[in-house]
Amino acid sequence: MKTPIRAGIVGTGFAADLHADALRRCRDARVEMVAGIDKLDAFCGKWEVARGTNDYNVLCRDPDVDVVVVCTPTFIHRPVIEAAAAAGKDIICEKPLATTLEDARAAVKAADDAGVRLMYAEDWCFAPILRRAEEIVKEGALGRILYVKAKEVHSGSHSEFARKIEYCGGGSLFHIGCHPINWVRHLFGQEVVEVVGKTSGGGSKNFVHKDYEGEDWGVAIFTFEDGGQGFVEGNYITQGGMDDTVEIYGTEGALKVELTLGSPIHVYSKVGYSYSVEKLESQIGWTRPAVDELWQLGYPPEVEYFIGCIRDGKEPMVGVRGQDGLASMEVAFAAYESARTGRTVNMKEFREKNK
Ligand SMILES: NC(=O)c1ccc[n+]([C@@H]2O[C@H](COP(=O)([O-])OP(=O)(O)OC[C@H]3O[C@@H](n4cnc5c(N)ncnc54)[C@H](O)[C@@H]3O)[C@@H](O)[C@H]2O)c1
């Protein structure tokens with residue numbers, strides 16, 4: 001397809017800002033239009049976008065939009081994907097893919113039936129630090145991978161939609177644990193066959209966030225086809241900034257990554273300064289400010305990659321396709337079933353039951 005690829009962003013909140021910034025850095029793309037129901041003028045002004053609409057259907061049907069970027073709350077992913085697919089547009093969709101398995105399947109089917117690309121925006125798959133870790137693993141430095149432990153944890157979501165399961169699909173394991181779940185799947189490149197889960201329970205049972213319907217602490221342990229294990233955590237009870245880490249253990253070695261709090265800059269300040277890392281409220285005392293946080297978390301390389309897929313007519317890699325978003329949701333929901341029943345969930349049976 002000829003460049004620049006013209007993007008239409010749906011949503012004007014936190015994730016929309018990440019995509020607008022990443023698209024601005026991408027040589028072969030530009031933001032053509034934005035659809036939003038609030039802060040539309042301010043968003044268009046900030047990112048210098050000339051055209052805005054309150055109706056995402058208008059954006060999806062616009063002949064000058066090549067790819068629709070879905071940055072709405074998770075319960076509004078499926079309808080936007082369906083509208084974009086019906087208009088024959090490629091789609092980049094934020095995580096998690098949907099709030100229910102039914103919606104996720106419908107979204108994947110809509111894109112398949114229309115013959116458009118549904119690209120699952122899992123930034124961890126593009127984070128330069130994790131790409132380097134992956135290269136080292138692929139070179140064989142750690143031997144056969146036995147066990148991967150990964151987490152995304154912070155003090156709670158900025159979005160009001162994260163409080164209700166109807167809007168976001170689940171608690172911390174689903175909403176932010178989806179990053180490590182998907183990345184560990186991407187690294188192993190195999191089917192998950194068994195899942196065990198435990199959560200704080202949601203609502204009044206939560207550790208801290210009694211006003212969140214979903215859990216504020218959740219873990220999933222899952223087994224791959226070759227017996228390898230993934231152990232993933234997503235929680236909203238962690239103070240001190242967003243803490244994303246990965247540990248990989250193999251027959252010949254081990255590897256550890258500090259994705260968010262491992263900046264090479266160490267600052268000590270008695271008076272503080274404006275910003276260091278996501279979700280860290282105070283910059284007083286010792287801090288380690290991110291150098292380019294969006295880059296570090298993978299957003300610009302992710303957008304560059306997806307735009308390249310459209311430009312060059314290529315399919316996205318395993319880990320960032322619509323069906324990967326669906327498969328990661330299945331792991332999180334299986335962990336919820338395990339937490340409820342106290343049993344190990346067999347994924348073949350789970351998929352059969354939830355068809
Ligand atoms: N990849 C990441 O690291 C990351 C980070 C944050 C959010 N997300 C995901 O991005 C999505 C959005 O989250 P957010 O944090 O930006 O939420 P947000 O609350 O900051 O923003 C949501 C935006 O969607 C808009 N919106 C709601 N209904 C709409 C409609 N019908 N048409 C157009 N716009 C509409 C809202 O007005 C708001 O601007 C969620 O699925 C979330 O999980 C991903």
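A polar contact is a pair of N or O atoms within 3.5 Å. This term is needed for the ligand described below. The structure is a predicted model.

**The ligand and its surroundings**

In this model, 27 residues surround the ligand, and the closest are Ala-15, Asp-38, Lys-95, His-158 and Tyr-299. Three pairs of atoms that meet the definition above are listed in the table.

| Ligand atom | Protein partner | Distance |
|---|---|---|
| Oxygen atom | Polar backbone atom of Gly-13 | 3.1 Å |
| Oxygen atom | N or O atom in the side chain of Asp-38 | 2.7 Å |
| Nitrogen atom | N or O atom in the side chain of Glu-94 | 2.9 Å |

The contact with Glu-94 therefore counts as polar, because its 2.9 Å separation falls within the 3.5 Å limit. Asp-38 appears both among the closest residues and in the table, where its side chain lies 2.7 Å from an oxygen atom of the ligand. Gly-13, by contrast, takes part through a polar backbone atom. Taken alone, the ligand exposes 850 Å², and the protein buries 89% of that area.

**The largest pocket**

Rolling a probe the size of a water molecule over the atoms reveals where empty space is left. The largest pocket has a volume of about 990 Å³. Its lining consists of 43 residues, and those nearest the centre are Phe-14, Cys-71, Thr-72, Pro-73 and Ser-159. Two elements, helix 1 (14-25) and helix 7 (165-168), give two or more residues to this lining. Helix 1 provides the largest share, namely three residues. Sorted by class, the lining of the largest pocket comprises 19 nonpolar, 14 polar and 10 charged residues.

Where does the largest pocket lie with respect to domain 1 and domain 2? Both domain 1 (5-116) and domain 2 (125-298 + 330-348) give residues to its lining, so the pocket lies between them.

**The second largest pocket**

The second largest pocket holds about 270 Å³ of space. It is lined by 15 residues, of which Arg-185, Glu-191, Gln-323, Ala-327 and Arg-351 lie nearest the centre. Helix 9 (178-188) and helix 12 (322-341) each supply at least two residues of this lining. Which of the helices gives the most to the lining of the second largest pocket? Helix 12 does, with five residues. By class, the lining of the second largest pocket contains four nonpolar, five polar and six charged residues.

Technical notes: Residues are numbered from 1 along each chain as its sequence is written. This is a predicted model: local features need pLDDT of at least 70, side-chain atom pairs count only at pLDDT 80 or more; totals for chains, interfaces and linings use all residues. Side-chain values use heavy atoms; hydrogens and water are left out. On a 1 Å grid over the protein atoms alone, a cavity is a set of points where a 1.4 Å probe fits but cannot get out, and a pocket is an open set with protein on both sides within 12 Å along at least five of seven lines; lining residues have an atom within 4 Å of a point. Grid points are joined across faces, edges and corners, and a volume is the space filled by probe spheres set on the points. Helices (H or I, at least four residues) and strands (E, at least two) are DSSP runs, numbered from the N terminus. Ala, Val, Leu, Ile, Met, Phe, Trp, Tyr, Cys and Pro count as nonpolar, Asp, Glu, Lys and Arg as charged, and the others, Gly among them, as polar. Domain bounds come from an automatic or database domain assignment. A residue is near a molecule or strand if one of its heavy atoms lies within 4 Å of it. A polar contact is a pair of N or O atoms within 3.5 Å; within protein, one must be able to donate a hydrogen and the other to accept it, and residues adjacent in sequence count only if both atoms are side-chain atoms. Accessible areas come from the Shrake-Rupley method with a 1.4 Å probe; for residues, only the protein chains shown count as cover.
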